[in-house]
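User: I am new to this structure and would like to know how the labels attached to it are justified. Please take me through the reasoning step by step.

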Amino acid sequence: MAVTKEEGGTPAARPAGGAPGRRSPRGGASRGRRSALPFLFLLPALVLLGALVLYPIGYSLLRSLFDRTGDEFVGFDNYAELFTDDGILTALTNNLIWVVVAPAVATALGLVFAVLTERVRWGTAFKLVVFMPMAISMLAAGIIFRLVYDQDPDKGIANAVWVGVHDTFAESSAFPKAHPGRDSPLEAAGGGAFVTADPVRAGTPVSIPLVGVAPDVMPEGAAPARPAKADPDRVTGVTWQDFTRGKGVGTLNEPDATEVGYPGMRIEAVKDGKVVETATAAPDGSFSLSSEADGALLRLPAENFRQPYNGLEWLGPSLVTPAVIGAYVWMWAGFAMVLIAAGLAGVPRELLEAARVDGATEWQVFRRITVPLLAPVLGVVLVTLMINVLKIFDLVFIIPPGSAQDDANVLALELYRKGFAEDQPGVASAISVFLLLLVVPVMWFNVRRIRQEGRQR
Amino acid sequence: MTSTATTPAATALVPAARRGRTPLGSRLVSGLGGTLVRLFLVVVGLFWLMPTVGLLLSSLRSPRDMAESGWWTVLTEPSRLTFESYADLLGNGDITGSLVNTLLITVPATLLVVVIGALAGYAFAWMEFPGRDWWFLGVVGLIVVPVQVALLPIAELFGDLGLFGSIAGVVLFHTGFGLPFAVFLLRNFFAEIPRELLEAARLDGAGELRLFTRVVLPLGGPAVASLGIFQFLWVWNDMLVALVFADSGSQPITVALQTQVRQFGNNIDVLAPGAFLSMVIPLAVFFAFQRQFVSGVMAGAVK
């Protein structure tokens, strides 16, 4: 307060027009009595920056040149380790993939979203939805995506959708482990299919008993199987599970009251190796074919018995990095979108109109005018995301299960492991200095930009 | 009072139509077929929402249901939703304690950065001292320094100072690494304040401290708010710094949950509601202060 009072008396003493301000950075800084005050204003910031940011940089630089214990000078050995240690090399490669892929995908999506939402009336709502993940922690996002990527298609939405799409195009089987029992009228036909040993006749009901489907995977709606009725003009039959838990097979190769049919079982009538007719079993396992099938062999094609498709192993060794990058893009595409949308607002409309009048298509306008005009913004977004991705830690720490963490490893995670789990401070310091070196160009670029802006004032 | 820091942000989330311009996308949209674009955006929007909805619904299911089926099954039987997991969670001292720790870390770390950053920002904008611009450039250069560089050295330093494992240590670290951006943002904003206002106050006999508290800080409100919200979310959402510097008594919610992730399948009844609780405050802050948040993010595009 004393300082303030003293200050209060001085304004008149200042040279007119030479007041302190950004327009005259180096002019008249010679009022001795004032010189302590700026220092007081800056002191807390400078102390904290010195102790918490600058000192660690120096310390890491030095520490990276010493061995594990910190006693012996080892020169650049720790840095050599970065390019020889298999674990670190994996991390390095993954970091490279991250830096190349994640910012590009997020920026591209951001650009598409920004351009498309400009017109739509509820564009703001859309932007909010896409931008929202930026507000939550990477930990929460990690847990969210652990759920998304759950391997079990009954639990993880990614595999649920994937399996759904897959099964639309390639029907999955309902009876994965069904097979003929004792004294079966069926024999293996190769490739997992089964075929009747003898040709079937119209008017003589066919029995196709199988065993081996666990009760809990039996299709819902399976009804008790009954012996097929004879129809002189058709080939009829029944296919069922010739076994009941607790009651055994009952009468072999004949449906008992407790045994259920195989709904949806596909049956092919084959003559001379050619399929002449197909049928699908009803809930009680009964099926019926026209007289075309008379004299044919009945085949149960292998697709009835294939293991059900279980989707992709998102968090397995080969897909884990793309999967985690997906989570990152979910978080950061909104960032790119918002910055690009702000840049888009500054694009002169006349230019676009002129191009359209000249007959340019919308794609050409976008490709040749909008994107080049947005280039500076796109550059800033890309660089920002690259710096961000370089340091990616939380998502890689959280999403991959322990078994896949080595495959998903990145430099920041490796630094954490080396520094805090494996007691390798020398190598950890080398990784941190390496990360710092990678952002130095950006540092330099920022400083240069600010200096130029200062000069233009 | 407008500034370069807030104008682009203010427009970023406002539809073009309301800004009274010919929207750039309009021709593009009609060219591609408006319906198709709308459909695409709806699908993408739902796609973007789905993971979060999945977490929310998962947190509202019993562990037994979670072990058996996907969260989407409750869409057809909403009666199976239950607050069971939340009730259990609130009885879990580790989780509630860590939520309190998150607050105890975030609030001081935000206030300190704002106050210390504003003091320095004012000095860089309106005070004179030798080498001012060089000092400022030096601070700007530090914006992109990765926190990873400081983890080991500061862990040792805090160990020597007895700060390791304490909330104070975590707060200090966040303050240090929040400062370069804070100084940069506030200095630029303060520098836009019309010189006449400061001159007038000086003529009225106001000293530097008075100028700072009565003129610069009130006028710098928007920038201070942006910075505060940005820093608040940054610290609230941090896991790495607290993972290194906090111990089990001072750990925030992110670290407390992280310890449970290794048994993901078995702990989903803790993880899902815990993660959602940890998101409630950031999401509330985000929806309440979108503009300030956006302008903070945009100014921070260099961080």
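Analyst: The answers below deal with a predicted model, and each sets a value beside the rule that it has to meet.

User: How do you know how far to trust chain B, and which stretches of it have pLDDT below 50 or under 50?

Analyst: Chain B has a mean pLDDT of 83, and 88% of its residues reach 70 or more. Over residues 1-12 of chain B, however, the pLDDT is below 50, although this stretch has 29 contacts in the model beyond near neighbours in sequence. Residues 14-22 of chain B also stay under 50, and for them the model has 13 contacts beyond four places in sequence. Where pLDDT is low, the predicted coordinates should not be read in detail. For the complex, the predictor gives an ipTM of 0.86 and a pTM of 0.78.

User: Why is A:W332 called buried?

Analyst: A residue counts as buried if 20 or more other C-beta atoms lie within 10 Å of its own, and A:W332 is therefore buried, with 25 C-beta neighbours inside 10 Å. A:W332 belongs to helix α8 (residues 320-344) of chain A, and beyond its neighbours within four places in sequence it is in contact with A:A106, A:M134 and A:L385. A:W332 and A:M132 are 200 residues apart in sequence, yet their C-alpha atoms are 9.5 Å apart in space.

User: What makes β1(A) and β2(A) a pair, and what makes them a hairpin?

Analyst: Two strands pair if at least two bridges are found between them; four bridges join strand β1 (residues 186-190) of chain A to β2(A), so the condition is met, and the two strands run antiparallel. A:G190 stands opposite A:A193 in β2(A). The hairpin has two residues between its strands, and A:G191 in the turn has a positive phi of about 70°.

User: How do you know that β2(A) also pairs with β8(A)?

Analyst: Two bridges link β2(A) with strand β8 (residues 297-300) of chain A, in the antiparallel sense, and because at least two are required, this counts as a pair. A:F194 stands opposite A:L300 in β8(A). Strand β2 (residues 193-196) of chain A has A:F194 and A:T196 on its covered face, and A:A193 and A:V195 on its uncovered one. In a regular strand the side chains alternate between the two faces of the sheet.

User: Why are β1 and β6 of chain A called edge strands?

Analyst: The open sheet of chain A has five strands in the order β1-β2-β8-β5-β6, with antiparallel pairing. β1 and β6 (274-280) of chain A are its edge strands: each pairs on one side only. From one strand to the next, the twist averages 30°.

User: What makes up the side of chain B that touches chain A?

Analyst: In the model, 106 residues of chain B are in contact with 99 residues of chain A. Helix α3 (residues 34-59) of chain B supplies the largest share of that side of chain B, twelve residues. By residue type, the side of chain B that touches chain A divides into 71 nonpolar, 22 polar and 13 charged residues.

Notes: Residues numbered from 1 in each chain as written. Chains lettered and ligands numbered in written order. Predicted model: local features only at pLDDT ≥ 70, side-chain atom pairs only at ≥ 80, totals over all residues. pLDDT = per-residue confidence, 0-100. Contact = placed C-beta atoms within 7 Å. Buried ≥ 20, exposed ≤ 12 C-beta atoms within 10 Å, placed from the backbone. Nonpolar A, V, L, I, M, F, W, Y, C, P; charged D, E, K, R; others polar. Axes fitted to C-alpha atoms, helices over the stretch in contact; angles between N-to-C directions.
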